[in-house]
Amino acid sequence: MSARIPDIVKHRVSEKAKNTLDIVAKFVEEECIPADPVVDAQIGEGSARWESHPPIIEELKAKAKKLGLWNMFLPKGHYKESPGYTNLEYGLMAEWLGRSKIASEATNCSAPDTGNMEVLAKYGNDAQKAQWLKPLMEGEIRSAFLMTEPDVASSDATNIQLSIKKEGNEYVLNGSKWWSSGAGDPRCKIYIVMGKSDPNNKDPYKQQSVILVPANTKGITIHRMLNVYGYDDAPHGHGHISFHNVRVPVSNLVLGEGRGFEIIQGRLGPGRIHHAMRSIGAAEHALEWMLMRINDPKKTPFGKQLREHGVILEWVAKSRIEIDAARLIVLNAAVKMDDLGPKATLKEIAQAKVLVPQTALTVIDRAVQAFGGAGVSQDTPLANSWALIRTLRLADGPDEVHLQQMGRNENKRGKEVSQKLLWQKEKTEQLLKQNNLKRFQPGSNIKPRL
Ligand SMILES: Cc1cc2nc3c(=O)[nH]c(=O)nc-3n(C[C@H](O)[C@H](O)[C@H](O)COP(=O)(O)OP(=O)(O)OC[C@H]3O[C@@H](n4cnc5c(N)ncnc54)[C@H](O)[C@@H]3O)c2cc1C
């Protein structure tokens, strides 16, 4: 709710965004969270899980549209299609969306469609926008982003192998992909595929291209859906897909040959902020569940309610501090991105990308612990939430890759700070000498006892 916006950014949030934030919070709390288990029930069992589309999602989408809660993620000033919110303002909304499993989809703000719509809005030509961006923005179809491959270490995208070869007025694609999120959904109509169009280019960052491939193109096979800690995430799913002589017209290429890296880098910045703010929402939701459990009068281990056992309130307090600190890290990244764009904000985005899922996992884990056995079961949303957030330490680049880059950049100051500290040490020696003093050695006045 708008009253809870951290003071440090309050002045940057417009009245329109504050008003929308209040509507988002009410919509999530009163419509989406109660409907989360209904979605699971409507998805059903067996193969039906991959064929059905829960009707309640369409009902929620209609309600969200009526409330003006639609496509809030597209930042103001960058896209003519934007409903007019900054990254900061949408970040605050995304926190609320993160409390529910379906709120993001209900407001057409869910991954991977958000990133894919940004790719099309930013880099697509008019025909590509008309064919794919328009129905995505209307919430009529869904999409998947296919980069990761089973046979190579894909956290280094220069390794990507899927071949994209030009033959006449077509491109021919061969290779395989996995972790293609969203490919299980019967409404997923378009794949945004990254592959190698020029494997011999001397510049390893110019070998890749991004191309649009309709999901029903001949030669595409979905072999299976991957589980996440046993959850299949149906009907969305994470596909393992192969491409065998898949042909698409040359007009399906996005931006131009060799521009793949440019596109994926443009796609990931805002998405990482969205994931981070949704994770803050998931952590807040877990904290609320923990508060409910520790105040449950029916559960009194060793004769006391949980809140009366000293360690438990410490968990609550630590969770409060950690969530509030993590939120500031993300909002700082959002503000900088609004002011200077994603390229200038790489460090802050990486800080949020690494810190927030770890913080959220710690908070969710405390809530799980407070529930005892129920915490790891299907009787609370905690276990599923933990599994979802755990994947964020891998998806969009594993923590280690971001940490290595950040460490390398921080260490660039190594020489300069060493020189400064040595100079300060030398100056201290001079000052001591001038004042006829010796450096104070703690404990030096204690006579040794024999
Ligand atoms: C739930 C989920 C959804 C996903 N959705 C998508 C999607 O929609 N589209 C898509 O293309 N991909 C998706 N991914 C894939 C994800 O982006 C990759 O798994 C991730 O980039 C890592 O690539 P990899 O699995 O090939 O691991 P590898 O590249 O093989 O890396 C394995 C491990 O090596 C370590 N490592 C890597 N680099 C370094 C380093 N520099 N220093 C130290 N250690 C390092 C890390 O611990 C890393 O986890 C998804 C993944 C998950 C789990």
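Okay, so P112 sits in the loop between α5, residues 103-106, and α6, residues 113-123. What I want you to look at there is the peptide bond: A111 and P112 are joined in cis, with omega about 0°. Keep in mind that this is a predicted model.

There's another cis bond further along, between A234 and P235, and there omega is about -5°. P235 is in the loop between β6 and β7. That loop also holds Y229, and Y229 has a positive phi, near 50°, without being a glycine. So hang on to Y229, we'll come back to that residue.

Now the strands on either side of that loop. β6 covers residues 220-225, and five bridges join β6 to β7, with the two running antiparallel. If you want a pair to click on, T221 stands opposite S242 in β7. β7 itself spans residues 238-249, and nine bridges join β7 to β3, residues 170-181, again antiparallel. Over there, L173 stands opposite V246 of β7.

Zooming out, the chain is divided into domain 1 (2-110), domain 2 (144-254) and domain 3 (262-397). Let me stay with domains 2 and 3. Their centres, taken over C-alpha atoms, are 31 Å apart. In terms of contact, 10 residues of domain 2 meet 10 residues of domain 3. The buried area between the two comes to about 860 Å², and carbon and sulfur atoms give 79% of that. Which residues of domain 2 lose the most area to domain 3? Here's Y229 again: the list is F145, Y229 and Y231, together 56% of what the domain 2 side buries.

And what kinds of residues make up the side of domain 2 that touches domain 3? Nine are nonpolar, none are polar and one is charged. As for specific interactions across this boundary, the salt bridge count is zero. For polar contacts, we get one residue pair, with both residues at pLDDT 80 or more.

Salt bridges do turn up in the structure as a whole, mind you: there are 33. Take E31 and K63, where the closest N and O atoms are 3.0 Å apart. E31 is in helix α2, residues 15-43, and K63 is in helix α3, residues 55-66, so this pair ties together parts that are 32 residues apart in sequence. As a general reminder, side chains of opposite charge can pair when their charged atoms come close.

That's my tour; over to you.

Key:
Residues numbered from 1 in each chain as written. Predicted model: local features only at pLDDT ≥ 70, side-chain atom pairs only at ≥ 80, totals over all residues. Heavy atoms only, no water. Pairing = 2+ DSSP bridges. Helix = DSSP H or I, 4+ residues; strand = E, 2+ residues; numbered from the N terminus. Domains from an automatic or database assignment. Contact = heavy atoms within 4.5 Å. Buried area = accessible area lost by both parts, 1.4 Å probe. Salt bridge = Lys/Arg side-chain N within 4 Å of Asp/Glu carboxyl O. Polar contact = N/O pair within 3.5 Å; in protein donor to acceptor, adjacent residues only side chain to side chain. Nonpolar A, V, L, I, M, F, W, Y, C, P; charged D, E, K, R; others polar.
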